Structure formats: structure tokens, C-alpha cells
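Here is a quick briefing to read alongside the model. Have the viewer open and follow the topics in turn.

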Amino acid sequence: MINFFTTSVILMILIGATISMNYVYAEVDLLSDILFLQTGEFSTDENQFQISSDVEIREFFGGNIIRVSGLTIEGFPYITYSRIIDEEINTKGIIFINGKFVSLSFIEKTMETQNTVEKQEDLAILVQYTQRVYSEKFVKLDIKIYDKQQNKLNDFYQNYGHILNTNIEVTIVNEDNQEIFSSNGITNENGLFQTEYFIPENSKRETLTVSITAENENSKSSKLLQVFSLGEPSDDGKSS
């Protein structure tokens, strides 16, 4: 189990160097103006995540520093700190992915004019999947690709805005970062791609990391998920 106290100490050290004794009391409401709390999303340099409704929020120094921690919908624990700097909110944070801490990015990406056009990260990858599974059962993945601007609510069942003929690549790695499954294909007329992975007999209890990449001529986006392999069920239906 992840030690969130240790994580908090790490982040307090991280932001401590920038905190002075002269706190800024500005006309800024940290809680309502923290962007990822309003959008429900944040990202690393490589992947985007959605925060769940199970969020713990604590205030420090008269409300001028706010700590937010919880789990993403994809199953990854995170912790962030936000404070006012010159009447602007500065947020730092980390997320725990595949056995290590990864820095979260809170810098808005801007489109740069270049001679070589880079693919845009404007694909919404929405997934319904088996998050907990016993040995000799299938992890089922239903993946739908939408235009982000046309599906801002991340509604898996929205009947418009989906993107067909998008290349999908799925890989699953175990806790030793060894690839144990891969699959690829293209989305159908409903923007849907489906695949499944069979958990072998006598598998141990472990956390599997699922990587999904969606790419077409103009765009490329990626997403990470966690699946919990529960091992062999016992006679009472619990994992052994």
C-alpha cells in the first residue's frame, strides 16, 4: 500500500523552497479556481487522467495552500498542492504509475507553428473494462474514440462525435514491467474497438498496467489503466 504520508512530505519539500513567510492574500479562491478540479482531468507528459469523485481536500496557511489527493478513475493514486503566487494559482503534483512516481503537468499546451506539423492530442479515449478479475477469466476492454471537443463530458454512450478508422494499440505489462499481452486494430463505424486478455490459471495477485494508444492521420493520444489480477478464488468466492 502506498504511504501517502511519505508522499505528502516529498511534495511539501518540493514546494517548500518556493514558499516564503510573506503569504499573498489575493482575491483568488484556490478551491474554485484549481483548473483540474473544474475539468476533472490532469496529465503527465505522456498521458491524461480523469479524477474520481473520491477526493480528499485539505487547506493550510489560512486556505492559501490546498492539498488534493485521491484516485483517478483509471485507478492511479495522486497528490497535488496548489497555492497563490502573485495572484495566480501554481499547482504541483505526482501520480503513482507502475511502481514509480511521475510528475503531473499543469502547463496548458499551446499549438506551435512549425515546418513539420506534429499530430494533435485531440482524441478522447473512453474505456469500459474489467478492473478486477480472477485467474481463468477475461479482462475485457471496450474502447471508444471521440473528438474531444464534441464529447467534453466523456460520455461513453454518446451517439455522435465518434471517430472511425483510428488505429488502436493495446499493451499490458505486469508488475515487473514485462509485456504479457498486446493487441491492435481499427475502430469501427461507431468508433469502437474491442479486445480481451485471458488471465492464466494459477496467476498471482498483482496489478497490471494497460496502455492504449489511438492514432490516425492527424491525431495521436494515449491512456493508461490499471487492472487488478486477484489470483485464484477460494471456496467462499474470495481470492487466495
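## Rings, strands and confidence

A search of the whole structure, which is a predicted model, turns up 8 aromatic pairs. One of them is F96 with F101, an edge-to-face pair with 5.0 Å centre to centre and 65° between the planes. Before going further, a word on confidence: the protein chain has a mean pLDDT of 83, and 81% of its residues reach 70 or more.

**Aromatic rings**

- The F96–F101 pair also shows up in the strand pairing: F101 in strand 6 is the bridge partner of F96.
- F101 has 40% relative accessibility, so it counts as partly exposed, the class between buried (under 20%) and exposed (over 50%).
- Four rings gather into one aromatic cluster: F36, F42, Y78 and F106.
- A charge gets involved too, with K144 sitting over the face of F156 at 5.2 Å from the ring centre.

**Strands 3 to 6: one hairpin after another**

- Strand 3 (residues 65–72) pairs with strand 4 in the antiparallel sense, with 7 bridges between them.
- To find your place in that pairing, look for I65, which stands opposite R83 in strand 4.
- The hairpin of strand 3 and strand 4 has 4 residues between the strands, and G75 there takes a positive phi near 100°.
- How enclosed is strand 4 (residues 77–85)? It is largely enclosed by the rest of the structure, because 8 of its 9 residues are buried.
- On to strand 5 (residues 88–97): it runs antiparallel to strand 4, and 8 bridges join the two.
- Within that pairing, S82 has T91 of strand 5 opposite it.
- The hairpin of strand 4 and strand 5 has 2 residues between the strands, and D86 in the turn shows a positive phi of about 50°.
- Strand 5 also pairs with strand 6 (residues 100–103), again antiparallel, through 4 bridges.
- Strand 5 and strand 6 form a hairpin with 2 residues between them, where N98 in the turn has a positive phi of about 50°.

**The open sheet of 5 strands**

- Which order do the strands take in this open sheet? They run 8-14-13-10-11, and the pairing is mixed.
- At the edges you'll find strand 8 (132–133) and strand 11 (179–186), each of which pairs on one side only.
- Strand 8 runs parallel to strand 14 (residues 220–229), and 2 bridges join them.
- One place to check that pairing is R132, which stands opposite F228 in strand 14.

**A closer look at L208**

- L208 belongs to strand 13 (residues 206–215).
- Is L208 buried or exposed? Its relative accessibility is 2%, so it counts as buried.
- Leaving out residues up to four places away in sequence, L208 touches I172, V173, N174, I180, Y197, I199, L225, Q226, V227 and S229.
- V173 deserves a second glance: its C-alpha atom is separated from that of L208 by 5.8 Å, while the two residues are 35 apart along the chain.

**The open sheet of 3 strands**

- This open sheet has the order 7-9-12, with antiparallel pairing.
- Strand 7 (123–129) and strand 12 (192–198) are at the edges with a single partner strand each, so one side of each is left without a neighbour in the sheet.
- On average, neighbouring strands of this sheet are turned by 25° against each other, direction ignored.
- Strand 7 and strand 9 (residues 138–147) run antiparallel and are joined by 7 bridges.
- Y129 has L141 in strand 9 as its bridge partner.

**Where confidence drops**

- Residues 1–26 keep a pLDDT under 50 throughout, and the model has 31 contacts for them beyond four places in sequence.
- Residues 110–116 also have pLDDT below 50, and beyond near neighbours in sequence this stretch has 1 contact in the model.

Terms used: Residues numbered from 1 in each chain as written. Predicted model: local features only at pLDDT ≥ 70, side-chain atom pairs only at ≥ 80, totals over all residues. Heavy atoms only, no water. Buried < 20%, exposed > 50% of the residue type's maximum accessible area, 1.4 Å probe, protein only. Pairing = 2+ DSSP bridges. Contact = heavy atoms within 4.5 Å. Phe/Tyr/Trp six-rings, centres within 6.5 Å; stacked < 30°, edge-to-face > 60°. Lys NZ or Arg CZ within 6 Å of the ring centre and 35° of its normal. Axes fitted to C-alpha atoms, helices over the stretch in contact; angles between N-to-C directions. pLDDT = per-residue confidence, 0-100.
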